[in-house]
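Please open the model in your viewer and keep the sequence alongside. The tour below proceeds by selection, one element after another.

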Amino acid sequence: MPRDWDAATYHRLSEPQLRWGRAVLDRLELRGDERVLDAGCGSGRVTALLLQRLPRGELVALDGSASMVEAARATLAAYGDRVTYVVGDLVDPIPVAPVDAVFSNATFHWIVDHDRLFANLAAVLRPGGRLVAQCGGAGNIARMDAIVRELGYPFDGTKRFATADETRASLERAGFVDVRAWLHDEPTDIPAGDFPAFLETVCLGSLLADMDDEEGEAFVRAVAERMPDHRIDYVRLNMTARRG
């Protein structure tokens with residue numbers, strides 16, 4: 001079951017995700033009247049940009065975190081009943097009517113089983129429909145991963161940073177065609193004043209869920225002290241495909 005998030009803090013700190021999302025959206029060609037699934041809508045900041053490109057369309061805003069979906073509902077209130085909100089786990093069958101396109105930003109690395117993920121997305125995507133997505137890929141946050149391992153708190157089992165080749169093969173197994181997948185580096189400097197909160201909310205939450213407040217605060221402080229430049233070595237995994 002996906003963990004819940006501090007949606008208000010995420011919304012405030014998610015400038016990197018917003019920047020990435022704009023670039024991913026540029027790859028999704030839309031007429032403006034489609035029905036689109038945002039698979040991992042978060043607090044709705046990127047979803048709002050997607051809705052601007054659907055003046056006659058509909059959107060399904062799905063996230064595994066109930067607090068994120070409620071934040072998205074508030075962010076997107078002006079779009080009224082053109083948006084359907086779903087709290088759901090992408091490793092389970094997706095309980096929505098068929099869609100013309102699937103968009104996702106900074107989500108798929110939270111799903112360890114990519115074969116199940118892509119099969120579920122294919123099942124709700126109409127034949128010929130497009131998938132355009134980006135998430136963390138091979139080499140993502142390598143320095144932070146090494147630090148948390150040194151501190152005795154490995155990320156094992158909480159995330160999957162796949163290679164481009166693994167992703168192409170998994171998408172093809174799920175029935176996608178015209179598959180492209182590639183990695184690019186996206187080193188990101190976080191403002192010093194936001195860095196501890198960014199680590200706690202965005203990066204380390206899957207580990208903090210099993211700690212009490214005192215242990216968690218000490219852990220975040222220890223990671224932050226070992227990253228004095230406040231730079232995170234993000235690597236993004238990009239993918240585009242069409243449902244066969």
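Select Q17 to begin; in this predicted model, Q17 belongs to helix α2, which covers residues 15–25. Is Q17 buried or exposed? Its relative accessible area is 6%, and because the cut-off for a buried residue is under 20%, Q17 counts as buried.

Next, display what surrounds this side chain. Apart from neighbours within four places in sequence, Q17 is in contact with Y10, V46, N105, A106, F198 and V202. One of these contacts, V46, leads to the next stop, since V46 is among the buried residues of helix α3.

Now select helix α3, residues 45–52. Seven of its eight residues are buried, so the rest of the structure largely encloses this helix. To see them, highlight R45, V46, T47, A48, L49, L50 and L51, the buried residues of α3.

Keep α3 selected and add α2. How do these two helices pack? Their axes lie 9 Å apart and meet at an angle of about 25°, which means that α2 is roughly parallel to α3. The crossing of α2 and α3 is right-handed. On the α2 side, colour E15, Q17, L18, G21, R22 and L25; on the α3 side, colour R45, V46, L49 and L50, as these residues make the contact. Sorted by class, the contact of α2 with α3 comprises five nonpolar, two polar and three charged residues. For reading such a pattern, it helps to recall that an α-helix has 3.6 residues a turn, so residues three or four places apart point the same way.

Turn next to the sheet. It is an open sheet of seven strands with mixed pairing, in the order β3-β2-β1-β4-β5-β7-β6. Which strands stand at the edges? They are β3 (83–87) and β6 (176–189); each has a single partner strand, so one side of each has no neighbour in the sheet. On average, and with direction ignored, neighbouring strands of this sheet are turned by 15° against each other.

Within the sheet, select β5 (residues 125–136) together with β7 (residues 231–243). These two strands run antiparallel and are joined by seven bridges. To inspect one position in β7, centre the view on L237, the bridge partner of C135.

Finally, add helix α7, residues 164–173. This helix lies across β5, β6 and β7, and α7 runs at about 145° to β6.

Definitions and conventions. Residues numbered from 1 in each chain as written. Predicted model: local features only at pLDDT ≥ 70, side-chain atom pairs only at ≥ 80, totals over all residues. Heavy atoms only, no water. Pairing = 2+ DSSP bridges. Helix = DSSP H or I, 4+ residues; strand = E, 2+ residues; numbered from the N terminus. Axes fitted to C-alpha atoms, helices over the stretch in contact; angles between N-to-C directions. Contact = heavy atoms within 4.5 Å. Buried < 20%, exposed > 50% of the residue type's maximum accessible area, 1.4 Å probe, protein only. Parallel < 35°, antiparallel > 145°, perpendicular 65-115°, else oblique. Left-handed = near helix turned anticlockwise from the far one by under 90°. Nonpolar A, V, L, I, M, F, W, Y, C, P; charged D, E, K, R; others polar.
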